[in-house]
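Visitor: Could you take me on a close look at a single part of this molecule, the place where the ligand sits? I am in my first year, so please go step by step and show me how that place connects to the rest.

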Amino acid sequence: MAFPKDFVWGTATSSYQIEGGGLDYGRGECIWHRFSHTPGKVYNGDTGDIACDHIHRYPQDVAMMAELGIDSYRFSVSWPRVIPAGTGTINQQGLDFYKRLIESLQEANITPYLTLYHWDLPQALQDKGGWENPDSVQWFMEYADLISRELGSDVKDWITHNEPFVVSMVSNLFGVHAPGQQDPVAAYTVAHHVLLSHGAAVPIIRQNVPDAEVGITLDQTYSMPYRPDNHEDQIAARRFAAFHNDWFLEPVFRGTYPADALKELDQRGALSKIDPTEISKAQVPIDFLGINYYTRYVIKASETDPSGFEQVRVDGTEHTALDWEVYPDGLLHTLLYLHNAYYPTKIYITENGCSYDDPLPINGVVDDPKRVDYYRQHIDAIEKAIELGVPVAGYFAWSLMDNFEWAEGYNRRFGLYHVDFETQERTPKKSALYYQERISQERAKA
Ligand code: FCB
């Protein structure tokens with residue numbers, strides 16, 4: 001039986017995407033508040049002001065998780081909800097919210113997995129340069145110290161960062177996410193400090209929570225050369241992987257940057273504000289690697305794109321509403337690659353899921369057959385990876401419910417539960433029923 005008895009079945013969310021409550025209860029402004037209130041940045045002018053109103057409805061949401069039968073829930077803490085200006089004064093109401101949430105999870109027998117940073121940086125810190133400022137490492141240490149001291153008696157599983165690639169590149173090079181810069185020097189400076197802050201926070205969490213398990217979540221983009229036998233495409237696919245994955249994996253596991261990408265970025269001047277040798281400090285022992293996997297990237301050599309590569313859409317394959325290709329084998333390949341190149345002792349799939357234009361609920365259920373297929377195929381891929389010896393210890397479906405999908409606003413739905421954003425009513429989708437049944441089947445077999 002592939003899935004071990006103690007395999008963790010969960011769902012994931014993040015603070016800004018679900019909590020709402022605007023700036024009430026002492027919550028400070030975050031960069032996503034500022035960004036989404038800036039015209040033209042988010043689809044339809046949507047903001048996270050109300051989102052899923054989870055700040056008020058968390059008891060109902062925990063009940064929903066219990067009904068789903070998950071044993072773990074991955075959520076993130078909103079930094080400006082607990083330290084409104086990012087450093088200094090603490091907002092007790094914010095801390096109390098997370099304490100109540102964790103208590104309800106415990107009453108429902110659901111284990112909390114806490115992510116410290118899922119993108120909602122206090123705006124007050126952004127005003128000081130955000131992650132570009134070397135002091136950000138210290139700010140994050142102070143924040144990690146507070147949260148692990150305050151919540152550590154009831155939370156044992158800790159994730160420092162969610163997807164540093166997005167925090168650095170999507171937010172500061174592509175400009176699609178807050179704070180919306182398009183500046184390679186800024187992007188690589190941010191990546192450096194985020195990685196260093198991970199290395200600095202892990203020992204603090206361990207010290208405050210002696211039995212903690214601590215890790216980091218990296219998004220993995222599985223890439224393949226468009227023409228598999230074409231040398232230029234092969235080189236391009238490797239470069240793509242080096243920039244997306246290894247730029248973050250190597251620091252965490254080896255304390256180095258990948259040599260090929262390092263040389264090239266250095267020549268381009270993108271590393272002018274950092275000392276790359278400092279990255280040795282990002283390598284500290286971790287208990288697990290979290291990975292988020294959604295799709296594959298087919299890569300072709302490009303003479304026009306300055307990066308030297310471009311993404312190709314392969315027709316005739318299934319694509320989600322975000323045009324992400326459904327490619328479950330990529331998850332298997334990713335897991336095998338990580339296992340063979342970096343040897344993490346434990347891997348959690350901390351996110352996996354898909355967005356489709358679901359129909360409205362009928363008779364208390366939403367019919368989403370493509371999402372059911374997506375989950376089935378990806379869970380099967382994990383099963384195969386475990387059979388091949390990859391130490392996958394848990395799976396968190398993204399997401400528990402439809403929510404604020406960053407620059408896509410409420411236009412893209414990833415939930416197992418449908419949310420009517422007018423009434424805040426939650427309705428299970430058939431994928432929730434599938435997940436529920438799969439979990440109980442796998443448990444029965446284990
Ligand atoms: C990931 C994010 C998560 C969600 C999914 C769809 O990159 O971590 O918050 O937006 O994508």
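Guide: Let us begin with a word we will need: a residue counts as buried when its relative accessible area is under 20%. Ala-393, for example, has a relative accessible area of 16%, so Ala-393 is buried. Please keep in mind that this is a predicted model.

Now to the ligand. The residues around the ligand are Gln-17, His-118, Trp-119, Asn-162, Glu-163, Asn-292, Tyr-294, Glu-351, Trp-398, Glu-405, Trp-406 and Phe-414. Sorted by class, this shell holds 5 nonpolar, 4 polar and 3 charged residues. Three side chains deserve a look for their polar atoms. In Glu-163, a polar side-chain atom lies 2.6 Å from an oxygen atom of the ligand. For His-118, an N or O atom of the side chain is 2.8 Å from a ligand oxygen. For Trp-406, the distance from a side-chain N or O atom to an oxygen atom of the ligand is 2.9 Å. How much of the ligand does the protein bury? Taken alone, the ligand exposes 290 Å², and the protein buries 94% of that.

Let us stay with Glu-163 for a moment. Glu-163 lies in the loop between β4 and α8. Its relative accessibility is 7%, so Glu-163 counts as buried. Its backbone also has a feature to notice: phi is near 50 degrees, a positive value in a residue other than glycine.

Following the chain from that loop brings us to helix α8, residues 164–172. Is this helix mostly enclosed or open? Of its 9 residues, 9 are buried, so helix α8 is largely enclosed by the rest of the structure. Among the buried residues are Pro-164, Phe-165, Val-166 and Asn-172. The cover over them includes the strands β3, β4 and β5, together with the helices α9 and α10. In the loop between α8 and α9 you will find Pro-179, and the peptide bond leading from Ala-178 to Pro-179 is cis, with omega near 5 degrees.

Helix α9 takes us to the largest nonpolar core, which has 131 residues; those touching the most other members are Trp-32, Trp-79, Ile-147, Trp-158, Tyr-395 and Tyr-435. Helix α9 gives the most to this core, with 11 residues. Apart from it lies another core, of 16 residues, among them Tyr-294, Leu-322, Trp-398 and Phe-414. You have met some of these names before: Tyr-294, Trp-398 and Phe-414 are also among the residues around the ligand.

Trp-398 has something else to show us. A cis peptide bond joins Trp-398 and Ser-399, with omega about 10 degrees. Ser-399 belongs to the loop between β11 and β12, and Arg-412 has its place in the loop between β11 and β12 too. With a relative accessible area of 16%, Arg-412 is buried. Which side chain shares a polar contact of 3.3 Å with that of Arg-412? The partner is Asp-357. Arg-412 also touches other residues, including Leu-322 and Glu-405. Leu-322 is a member of the 16-residue core, while Glu-405 is one of the residues around the ligand.

Finally, back to Ala-393, where we started. Ala-393 is found in strand β11, and among the residues Ala-393 touches are Phe-7, Val-8, Ile-347 and Tyr-348.

Technical notes. Residues are numbered from 1 along each chain as its sequence is written. This is a predicted model: local features need pLDDT of at least 70, side-chain atom pairs count only at pLDDT 80 or more; totals for chains, interfaces and linings use all residues. Side-chain values use heavy atoms; hydrogens and water are left out. A residue is near a molecule or strand if one of its heavy atoms lies within 4 Å of it. A polar contact is a pair of N or O atoms within 3.5 Å; within protein, one must be able to donate a hydrogen and the other to accept it, and residues adjacent in sequence count only if both atoms are side-chain atoms. Accessible areas come from the Shrake-Rupley method with a 1.4 Å probe; for residues, only the protein chains shown count as cover. Ala, Val, Leu, Ile, Met, Phe, Trp, Tyr, Cys and Pro count as nonpolar, Asp, Glu, Lys and Arg as charged, and the others, Gly among them, as polar. A nonpolar core is a set of buried Ala, Val, Leu, Ile, Met, Phe, Trp, Tyr and Cys residues joined through side-chain atoms within 4.5 Å. Buried means under 20% relative accessible area, exposed over 50%, partly exposed in between (1.4 Å probe, protein chains only). Helices (H or I, at least four residues) and strands (E, at least two) are DSSP runs, numbered from the N terminus. Contact means heavy atoms within 4.5 Å. Lists of a residue's contacts leave out its neighbours within four places in sequence.
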